[in-house]
Amino acid sequence: DDAVGAIYHALVEPRCAGPLNVVAPEMITNAGFSATLGAVLHRPAVLPVPAAVLRLVFGEMADATLLASTRATPAALIDSGYVFRHAQVGDCLRHELGVVRRQ
């Protein structure tokens, strides 16, 4: 929802000029994402897959897509007034997966 919202915002907001990073405001590692996904689903986090296995299965694509690290921030998007609906990864996963928060 936020990716589409950010693109719409960029199209209609005059303060948006130049490139914008359409990324979540919360930086998270693969291990952090796996742990959060496990917590949202109330399941143990999946063990990480060794890089060698990913390279064996996906070849060069593994390095470019699965193993690469980018520290992009949505600073220009936020500065232009965009407000994320789901700024935290856990909230986003709950929304996308239709998981109701346990009390």
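Which residues is Ser80 in contact with, leaving aside its neighbours within four places in sequence? In this predicted model, the answer is His9, Glu13, Arg15 and Cys16. The legends below begin with that site.

**Figure 1. Surroundings of Ser80 in the loop between α5 and α6.** The loop that holds Ser80 joins α5, residues 75-79, to α6, residues 89-97. Ser80 has a relative accessible area of 2% and is therefore classed as buried, the limit for that class being under 20%. The side chain of Ser80 reaches the backbone oxygen of Leu77 at 2.7 Å. Beyond its neighbours within four places in sequence, Ser80 is in contact with residues including His9 and Cys16.

**Figure 2. His9 in helix α1.** Helix α1 spans residues 2-12 and includes His9. With a relative accessibility of 11%, His9 counts as buried. When its neighbours within four places in sequence are left aside, His9 is in contact with Cys16, Leu77, Ser80, Gly81 and Tyr82. Among these partners, Leu77 also supplies the backbone oxygen reached by the side chain of Ser80, and Cys16 is also in contact with Ser80.

**Figure 3. The aromatic pair formed by Tyr82 and Phe84.** The structure holds one aromatic pair. Its ring centres, those of Tyr82 and Phe84, are 5.0 Å apart, and the planes stand at 85°, so the arrangement is edge-to-face. Tyr82 and Phe84 are both buried. Tyr82 is also one of the residues in contact with His9.

**Figure 4. Leu93 in helix α6.** Leu93 is placed in helix α6 and, at 11% relative accessibility, counts as buried. Apart from its neighbours within four places in sequence, Leu93 is in contact with Phe33, Thr36, Leu37, Val40 and Gly98. The C-alpha atoms of Leu93 and Ala76 are 24 Å apart in space, while the two residues are 17 residues apart in sequence.

**Figure 5. The largest pocket and its lining.** About 830 Å³ of space lies in the largest pocket. Its lining consists of 25 residues, and Glu26, Met27, Ile28, Thr29 and Thr70 lie nearest the centre. Two or more lining residues are given by each of α2 (30-40), α4 (60-66) and α6. Helix α6 contributes the largest share of the lining, four residues. By residue class, the lining divides into 13 nonpolar, seven polar and five charged residues.

**Figure 6. His42 and Leu47 in the loop between α2 and α3.** His42 is placed in the loop between α2 and α3. Although His42 is not a glycine, it has a positive phi of about 55°. At 39% relative accessibility, His42 counts as partly exposed. Leu47 lies in the loop between α2 and α3 as well, with α3 covering residues 51-58. The relative accessible area of Leu47 is 71%, and this residue is therefore classed as exposed, for which the value must be over 50%. Leu47 and Tyr82 are 35 residues apart in sequence, and their C-alpha atoms are 35 Å apart in space.

Methods
Residues are numbered from 1 along each chain as its sequence is written. This is a predicted model: local features need pLDDT of at least 70, side-chain atom pairs count only at pLDDT 80 or more; totals for chains, interfaces and linings use all residues. Side-chain values use heavy atoms; hydrogens and water are left out. Buried means under 20% relative accessible area, exposed over 50%, partly exposed in between (1.4 Å probe, protein chains only). A polar contact is a pair of N or O atoms within 3.5 Å; within protein, one must be able to donate a hydrogen and the other to accept it, and residues adjacent in sequence count only if both atoms are side-chain atoms. Contact means heavy atoms within 4.5 Å. Rings of Phe, Tyr and Trp (its six-membered ring) pair if their centres lie within 6.5 Å; planes under 30 degrees apart count as stacked, over 60 as edge-to-face and the rest as tilted. On a 1 Å grid over the protein atoms alone, a cavity is a set of points where a 1.4 Å probe fits but cannot get out, and a pocket is an open set with protein on both sides within 12 Å along at least five of seven lines; lining residues have an atom within 4 Å of a point. Grid points are joined across faces, edges and corners, and a volume is the space filled by probe spheres set on the points. Ala, Val, Leu, Ile, Met, Phe, Trp, Tyr, Cys and Pro count as nonpolar, Asp, Glu, Lys and Arg as charged, and the others, Gly among them, as polar.
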